[in-house]
Amino acid sequence: MKFKSKHVEVILTLDAPEDMDVYEKFGLSAYRQHILLRITQEARDQNALLTIKDLVKLLKSSYSTIKRDIKHFRERELYVPLRGIVKDIGPSSHKSKIVELYVKGYTSTEIQRSTRHSLQSIERYIKDFSRVSILTQREESIDNIRLIVGISELLVKEYQELFIKYKDGDHKQRVEELIDNVTVYDSPVSFKKNAGMRM
């Protein structure tokens, strides 16, 4: 029996400023993989899942190439949220995996080499994690954290789980350093606890 999937309209970023950094440093294959990870996560953040067929069209690549890219990520335990395989590969996004590597003591450059992400992207994930951690300590609601940091509710929850997992263990000092070295608010927006955002 076949079931028809519900189609959802999503907005995807096929060309981001940091993409060329990845291309220049690691080549065409890494460039494609970098975009693949980003757009599958963007779709997931909008409550949709792409298929391999979608990726073939969007990335102008062959089915076997996309399958090979997915295998590459699986071998590195990076999560690629795709329809049909999403339940098999775990709950955490590639952003959480990258932050977790950093918390465990890897440098941004080591993570860049391993995941083929741009340094700019890696640093953004780490900063967002740090801001979520601070706001979690302040007992802000998930909705307020999502609005302040500008990330999905799903990613807020993943970062909170990471924070809880590592805030008191062997990597406590690394987490504390991250929290000490970040500003929660990037723009001059006033925020009142439990009252949402106001200008």
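## A guided tour of the predicted model

The model is predicted, with a pLDDT that averages 82 over the protein and reaches at least 70 for 84% of the residues. Colouring by this score is a suitable start; then select residues 187-199, where pLDDT stays under 50. For this stretch the model has 20 contacts beyond four places in sequence.

**First stop: the largest nonpolar core**

Select V99, V103, F129, V132, I151 and Y159. Among the 26 residues of the largest nonpolar core, these six touch the most other members. Next, display the elements that contribute two or more residues to this core: α5 (94-103), α7 (119-137), α8 (142-149), α9 (153-166) and α10 (172-180). Helix α7 supplies the largest share, seven residues. In soluble globular proteins, nonpolar side chains tend to be buried together.

Centre the view on V103. Leaving aside residues up to four places away in sequence, V103 touches F129, Y166, H171, R174, V175 and L178. Another core, of 15 residues, lies apart from the largest one; L50, L55, I66 and L82 are among its members.

**Second stop: the aromatic pairs**

How many aromatic pairs does the structure hold? There are two. Select Y23 and Y31 for one of them: this pair is edge-to-face, with 5.7 Å from centre to centre and 75° between the planes. Y23 has a relative accessibility of 38%, so this residue counts as partly exposed.

Then move to F129 and Y159. Their ring centres are 5.8 Å apart and their planes stand at 85°; because planes over 60 degrees apart count as edge-to-face, the pair F129 and Y159 is assigned to that class. F129 lies in helix α7 and Y159 in helix α9, 30 residues apart, and the pair thus links distant parts of the chain. Both residues are buried, and both also appear among the core members that touch the most others.

**Third stop: a charge over a ring**

Select R174 together with Y102. The charged end of R174 sits over the ring of Y102, at 3.9 Å from the ring centre. R174 is also one of the residues that V103 touches.

**Last stop: S121**

Return to helix α7 and select S121, which is placed there. Is S121 buried or exposed? Its relative accessible area is 1%, and because buried means under 20%, S121 counts as buried. Beyond residues up to four places away in sequence, S121 touches E18 and H34. Finally, add R38 to the selection: the C-alpha atoms of S121 and R38 are separated by 9.9 Å, although the two residues are 83 residues apart along the chain.

Conventions
Residues numbered from 1 in each chain as written. Predicted model: local features only at pLDDT ≥ 70, side-chain atom pairs only at ≥ 80, totals over all residues. Heavy atoms only, no water. Core = buried A, V, L, I, M, F, W, Y, C linked by side-chain atoms within 4.5 Å. Buried < 20%, exposed > 50% of the residue type's maximum accessible area, 1.4 Å probe, protein only. Helix = DSSP H or I, 4+ residues; strand = E, 2+ residues; numbered from the N terminus. Contact = heavy atoms within 4.5 Å. pLDDT = per-residue confidence, 0-100. Phe/Tyr/Trp six-rings, centres within 6.5 Å; stacked < 30°, edge-to-face > 60°. Lys NZ or Arg CZ within 6 Å of the ring centre and 35° of its normal.
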